[in-house]
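This report describes one structure for a reader who has not met it before. It goes from the interior to the charged pairs, then to the surface and a few single residues.

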Amino acid sequence: MTRLQKERTYIREIADVIEFLAAQLKIITASIPKPRLKGDIGHEHFLFDNANERTFQVLMLVRIVSGLRATLILVWHNHVIEAGCLIRCIDEYIGNMVFVQDAFITGKQTAEHERLISDYFVETYPTVTERLRNPAGGGHLLRKQKMRAAEGRVLSASDPHSVVELVRAIDSAFDGFVHGSYSSVMNLYVGGGSREGFRVTGMPERLAEYRVALAQYVHRTLNMMGIVSLNVGLDSIAHNIRQRRIAFETAAAYMRPSSDAADASSLNMEDTPDAEM
């Protein structure tokens, strides 16, 4: 089995876990009140009545699981830089969830917590023109700093500072993908040989690296989905998620590639057909 074939096998294993997450999410979403169709004829939208922090966390899970499935497709087709953009989005959603969870754990809901929830559930669908006329406020940066601190408390009570620094580093790395930074574009360039140039058709030589990144965010999602399951009173679902997380932690798909696996030459550029997942 070639290195690429092994990576494909690992990605299929990750796909199975993502489908498990989607199945559990369906149960979780059924545990909260359904949204209602609101608005004038021709401008109807489904919205929640009396939405709260629990609803917010469930809706973040919806975006995360959808994002993981989209990232999986991009990684499968070797579009790893584009996958990095979605991973950055997923990281933001998980940070929002942890920020809200911090209020549950400490029992202290700050003005920033309240503002996050109230702003999120605003019942408007502005047009592009309206958004340009009334741009979003500048409070996101401050909230992001507080979200990092919250992740430090929730994820590592004994050493929150190290988690804060780690989250800051992750944000910085993936921000470049979203904004099209110079380094992210040059990551697409491969020199030498007949294939020299910008690799806009995908980079299989970096497949292992991004397969690991995807697996790590699947693991983080298992953690957060388990917490949300407990928050909404689904203890049995939380147990199932925990068991799947423990099993995933020992799976080859979750492990970092060895030095030879990470070697770009080990993924033959000629061995990169689009196979079905």
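The largest nonpolar core has 56 residues, and those with the most contacts inside it are Ile14, Leu68, Val218, Leu222, Met225 and Phe248. Six helices each supply at least two residues of this core: α1 (3–29), α2 (53–76), α3 (80–106), α4 (111–120), α9 (207–231) and α10 (235–248). The model is a predicted one, and the values below are computed from it.

Leu68 gives a view of the core from one residue. With its neighbours within four places in sequence left aside, Leu68 is in contact with Ile18, Leu21, Ile90, Leu214, Tyr217, Val218 and Thr221. Val218 also appears among the core residues with the most contacts.

**Salt bridges**

Ten salt bridges are found in a search of the whole structure. Three of them are set out here.

| Pair | Closest N to O distance |
|---|---|
| Lys38 and Asp49 | 2.6 Å |
| Glu92 and Arg88 | 3.1 Å |
| Glu112 and Arg115 | 2.7 Å |

Lys38 and Asp49 form a salt bridge with the closest N and O atoms 2.6 Å apart. This pair links distant parts of the chain: Lys38 is in strand β1 (residues 36–38), while Asp49 is in the loop between β2 (45–47) and α2, eleven residues apart. Lys38 has a relative accessible area of 19% and is therefore buried, the limit for that term being under 20%. Asp49, at 33%, is partly exposed.

The pair of Glu92 and Arg88 is placed otherwise along the chain. Both residues are in helix α3, and because they are four residues apart, about one helical turn separates them. Are these two charged residues buried or exposed? Glu92 has a relative accessibility of 14% and counts as buried; Arg88 also counts as buried, at 10%.

Glu112 and Arg115 are in helix α4, where a spacing of three residues means that they are separated by about one helical turn. Glu112 is buried, with a relative accessible area of 10%, whereas Arg115 is partly exposed at 41%. Elsewhere, salt bridges that share partners join Arg88, Asp91, Glu92 and Arg220 into one network. The bridge between Glu92 and Arg88 therefore has both of its residues in that network, and both of those residues count as buried.

**A nonpolar patch on the surface**

Which residues form a nonpolar patch on the surface? They are Tyr182, Val185, Met186, Tyr189, Phe198 and Val200, which together have about 630 Å² of accessible area. Helix α8 (residues 182–186) gives the most to this patch, with three residues. Met186 lies in that helix and counts as partly exposed, with a relative accessibility of 36%.

**Two asparagines with positive phi**

Most residues other than glycine have a negative phi. Asn50 is not a glycine, yet its phi is positive, at about 55°. Asn78 is likewise a residue other than glycine with a positive phi, near 70°.

Both asparagines are in loops: Asn50 is between β2 and α2, and Asn78 is between α2 and α3. Their surroundings can be set side by side. Asn50 is exposed, with a relative accessible area of 73%, while Asn78 is buried, at 4%. The loop that holds Asn50 is also the place of Asp49, the partner of Lys38.

**Trp76 and His219**

Trp76 is in helix α2 and counts as buried, with a relative accessibility of 1%. The C-alpha atoms of Trp76 and Pro204 are separated by 9.0 Å, although these residues are 128 residues apart along the chain.

His219 lies in helix α9, one of the helices that supply at least two residues to the core. At 11% relative accessibility, His219 counts as buried. Which residues are in contact with His219, leaving aside its neighbours within four places in sequence? They are Arg245, Phe248, Glu249 and Tyr254. Of these contacts, Phe248 is among the residues with the most contacts inside the nonpolar core.

How values were computed: Residues are numbered from 1 along each chain as its sequence is written. This is a predicted model: local features need pLDDT of at least 70, side-chain atom pairs count only at pLDDT 80 or more; totals for chains, interfaces and linings use all residues. Side-chain values use heavy atoms; hydrogens and water are left out. A nonpolar core is a set of buried Ala, Val, Leu, Ile, Met, Phe, Trp, Tyr and Cys residues joined through side-chain atoms within 4.5 Å. Buried means under 20% relative accessible area, exposed over 50%, partly exposed in between (1.4 Å probe, protein chains only). Contact means heavy atoms within 4.5 Å. A salt bridge is a side-chain nitrogen of Lys or Arg within 4 Å of a carboxyl oxygen of Asp or Glu. Patches are made of residues with over 30% relative accessible area and no salt bridge: like charges are joined within 9 Å, nonpolar side chains (Val, Leu, Ile, Met, Phe, Trp, Tyr) within 5 Å. Accessible areas come from the Shrake-Rupley method with a 1.4 Å probe; for residues, only the protein chains shown count as cover.
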